[in-house]
Structure formats: C-alpha cells, structure tokens
Amino acid sequence: MALRRAHADEYAVRVNRAVVLLGRRSPADAVRVLQAEHGLSERQARRYVNAALERPEGVVVPERTGVFTVRLPVSLIAGF
C-alpha cells in the first residue's frame with residue numbers, strides 16, 4: 001500500500017497542534033503526543049514539531065481544493 005503525503009490543511013492542523021503542545025511540553029513529549037493523536041511515525045511527528053519550532057505563531061489552515069472538470073464542445077474551445 002502506497003502512503004500519501006498530508007494535504008495542506010492536514011499539515012497546518014498538525015503544525016498548529018505542535019505549537020500548542022510546545023507551549024506546555026518539551027519537544028520530545030510533543031512528538032509522542034502527536035504520534036498518538038495522529039497515528040504518525042516518530043520521524044513524521046518530529047518534522048511537525050520542528051516546523052512548529054520555526055513558526056511559533058502557527059500557520060494558516062488553507063481550505064482544501066478539489067478538481068472540477070467540464071466537458072465543452074470542441075468548437076467552443078476553438079473560439080478561445
């Protein structure tokens with residue numbers, strides 16, 4: 001099974017959670033909590049904690065995007 005990368009909104013939520021955790025815990029404790037809460041490996045959780053250390057104000061959570069496909073007649077497309 002291939003693993004996928006986190007969506008931008010998932011990444012932001014996890015970094016922001018790490019920022020909150022770092023306000024009350026050591027970085028090592030924050031890593032363990034992120035692992036448990038989000039089912040992450042230690043390495044993944046450490047990356048979120050490191051990102052939170054670089055951005056102590058947190059990050060903006062973007063809205064998730066989607067794909068929108070429209071079928072148009074070729075004659076209409078040719079007009080552009």
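Does Asp9 count as buried or exposed, and what is its relative accessibility? Asp9 counts as buried, because its relative accessibility is 18% and the cut-off for buried is under 20%. Keep in mind, as we look around, that this is a predicted model.

Asp9 is a good place to start a tour of the charged pairs. The structure holds four salt bridges, and one of them joins the side chains of Asp9 and Arg64, with N and O 3.1 Å apart. This pair links distant parts of the chain: Asp9 belongs to helix α1 (residues 8–24), while Arg64 sits in the loop between α3 (42–54) and α4 (74–78), 55 residues apart. Arg64 counts as partly exposed, at 45% relative accessibility. Glu10 joins in as well, since Asp9, Glu10 and Arg64 are linked in a network of salt bridges.

Helix α1 also takes part in a second contact. Arg17 forms a salt bridge with Glu37; Arg17 lies in helix α1 and Glu37 in helix α2 (residues 27–38), so the pair ties together parts that are 20 residues apart in sequence. Arg17 is partly exposed at 25% relative accessibility, and Glu37 is partly exposed too, at 42%.

Helix α2 has a salt bridge of its own, between Asp29 and Arg32. These two are three residues apart in that helix, which means that about one helical turn separates them. Asp29 counts as partly exposed at 29% relative accessibility, as does Arg32 at 48%.

Here are three of the pairs side by side:

| Salt bridge | N to O distance |
|---|---|
| Asp9 – Arg64 | 3.1 Å |
| Arg17 – Glu37 | 2.7 Å |
| Asp29 – Arg32 | 2.5 Å |

Technical notes. Residues are numbered from 1 along each chain as its sequence is written. This is a predicted model: local features need pLDDT of at least 70, side-chain atom pairs count only at pLDDT 80 or more; totals for chains, interfaces and linings use all residues. Side-chain values use heavy atoms; hydrogens and water are left out. Helices (H or I, at least four residues) and strands (E, at least two) are DSSP runs, numbered from the N terminus. Buried means under 20% relative accessible area, exposed over 50%, partly exposed in between (1.4 Å probe, protein chains only).
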